[in-house]
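Here are some notes to read alongside the model. Take them point by point, with the structure open next to you.

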Amino acid sequence: MSNHPTTATIRQNLAILQRQSTPRPIRKRRLGQFVQTLKAILILPFSLLWRLAKKLIRN
């Protein structure tokens, strides 16, 4: 039965459905991680400059 053409087609279709259904949450999670990393990269220099400015003002 496992060599039947219909069985092979059904298995291929199931494999395609599995591949199409799983990446979405992964993509959303990766996009969220990318946005967080981008925010950190953009905010970090300003944070460091702010700390430096505070130190200079205090002295």
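1. A word on terms before we start: helices here are DSSP runs of H or I with at least four residues, numbered from the N terminus. With that in hand, Gln33 can be placed in helix α2. Bear in mind that you're looking at a predicted model.

2. Overall make-up. How many helices and strands does the protein chain have? The count is 2 helices and 0 strands. Helix α2 covers residues 23-58.

3. Overall shape. Along the principal axes, the C-alpha atoms of the protein chain fill a box of roughly 85 × 10 × 10 Å. The radius of gyration says something similar in another way: the protein chain has 26 Å, where a compact globule of 59 residues would have a value near 10 Å.

4. Surface and burial. What share of the 59 residues counts as buried? The figure is 0%, and buried would mean under 20% relative accessible area. The protein chain has an accessible surface of about 6,100 Å², and carbon and sulfur atoms account for 64% of that.

5. Back to Gln33. This residue has a relative accessible area of 45%, so it is partly exposed. If you want a feel for distances, try Gln33 and Asn13: they sit 20 residues apart in sequence, and their C-alpha atoms are 31 Å apart in space.

6. Ile41, also worth a click. Ile41 lies in helix α2. Is Ile41 buried or exposed? It counts as exposed because its relative accessible area is 54%, and the cut-off for exposed is over 50%. Between the C-alpha atoms of Ile41 and Arg29 there are 18 Å, with the two positions 12 residues apart along the chain count.

7. A nonpolar patch. Which residues form it? Leu31, Phe34, Val35, Leu38, Leu42 and Ile43 do, on the surface, and together they have about 580 Å² of accessible area. Pick out Val35, which is found in helix α2. Its relative accessible area is 37%, so Val35 is partly exposed.

8. A charged patch. Colour the surface by charge and look for Arg51, Lys54, Lys55 and Arg58, which gather in a patch of positive charge. One of them, Arg58, belongs to helix α2. Why does Arg58 count as exposed? Because its relative accessibility is 66%, and over 50% is what exposed requires.

Terms used
Residues are numbered from 1 along each chain as its sequence is written. This is a predicted model: local features need pLDDT of at least 70, side-chain atom pairs count only at pLDDT 80 or more; totals for chains, interfaces and linings use all residues. Side-chain values use heavy atoms; hydrogens and water are left out. Patches are made of residues with over 30% relative accessible area and no salt bridge: like charges are joined within 9 Å, nonpolar side chains (Val, Leu, Ile, Met, Phe, Trp, Tyr) within 5 Å. Accessible areas come from the Shrake-Rupley method with a 1.4 Å probe; for residues, only the protein chains shown count as cover. A salt bridge is a side-chain nitrogen of Lys or Arg within 4 Å of a carboxyl oxygen of Asp or Glu. Lys and Arg count as positive and Asp and Glu as negative; His and the chain ends are not counted. The place of a charge is taken as NZ of Lys, CZ of Arg, CG of Asp or CD of Glu. Buried means under 20% relative accessible area, exposed over 50%, partly exposed in between (1.4 Å probe, protein chains only). The radius of gyration is taken over C-alpha atoms; the globule rule is 2.2 Å times the number of residues to the power 0.38.
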